[in-house]
Amino acid sequence: MSPTTPPPDAVLPPRAPEAPAPGTRLGAHYEHCFGCGPQHPGGLRIDAVAGEGLDVTAELTVRSEHQGGPGLAHGGLLTTAMDETLGTLNWLLHAPAVTGRLETDFLCPVPVDSVLHLRAWVTGVHGRKIYSAGEARIGGPDGPVAVRAQALFIQVKLEHFTKHGRPEDIDRVLGDQDLMKRARAFEVNP
């Protein structure tokens, strides 16, 4: 069994009552995040949308600055896009969590200027461990699968970020009332 496969006694929890409603854009968890932050100058700016259950969708247009090989998306960048999309599932569980392990399979090349349709879903929860899977399809939700991923996220308390983050970034977050309001919503984490 892979470390990203839920154990037999894992559960599929209900969507948290505080979770954003289906169809809601989830926005950035931090304005300067490379994956989702609108303030990051070279970031991916992934803006996920909450699904009906424990799933999210997002889109990413592969730009020239995302190249690895000539005219093709860099594999590490595609992995980052999957990590970001999988990480947004934590909004639906109302549990801050960090990536513990991420396994990515590349099934076909992704050309520059392609639009990737990303989808992620929770596959199980066991204690503080959140298991999830996702895929990226080229050109539309029914397009060819270019990337598949499975991940293990670990629930953490908010102190994880304030203890380990760079002080000037922590101070900037503490001064942002909107972001602090979103963060405080997670203070019920065990």
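**Salt bridges, pair by pair**

Okay, let's start with Glu-65 and Arg-63, whose side chains form a salt bridge at 2.6 Å, N to O. Before I go on, keep in mind that this is a predicted model. On the Glu side, we have an exposed residue: Glu-65 comes out at a relative accessible area of 55%, and since exposed means over 50%, Glu-65 falls in that class. Its partner Arg-63 has 25%, so that one is partly exposed.

So how many salt bridges does the structure hold? Four. I'll walk you through some of them.

Next up, Glu-103 and Arg-101. Their side chains meet in a salt bridge too, with 3.2 Å from N to O. Here Glu-103 is partly exposed, at 25% relative accessibility, and Arg-101 is also partly exposed, with a relative accessible area of 41%.

Now, which residue does the side chain of Asp-47 meet in a salt bridge? That's Arg-25, and the N to O distance is 3.3 Å. This pair links distant parts of the chain, with the two residues 22 apart. Both Asp-47 and Arg-25 sit in the segment before strand 1, which runs 49-50.

And is Arg-25 buried or exposed? Exposed, because its relative accessible area is 55% and the cut-off for exposed is over 50%. Asp-47, on the other hand, is partly exposed, with a value of 28%.

As for the chemistry behind this, you all know it: side chains of opposite charge can pair when their charged atoms come close.

That's my bit, thanks everyone.

Definitions and conventions: Residues are numbered from 1 along each chain as its sequence is written. This is a predicted model: local features need pLDDT of at least 70, side-chain atom pairs count only at pLDDT 80 or more; totals for chains, interfaces and linings use all residues. Side-chain values use heavy atoms; hydrogens and water are left out. Helices (H or I, at least four residues) and strands (E, at least two) are DSSP runs, numbered from the N terminus. Buried means under 20% relative accessible area, exposed over 50%, partly exposed in between (1.4 Å probe, protein chains only).
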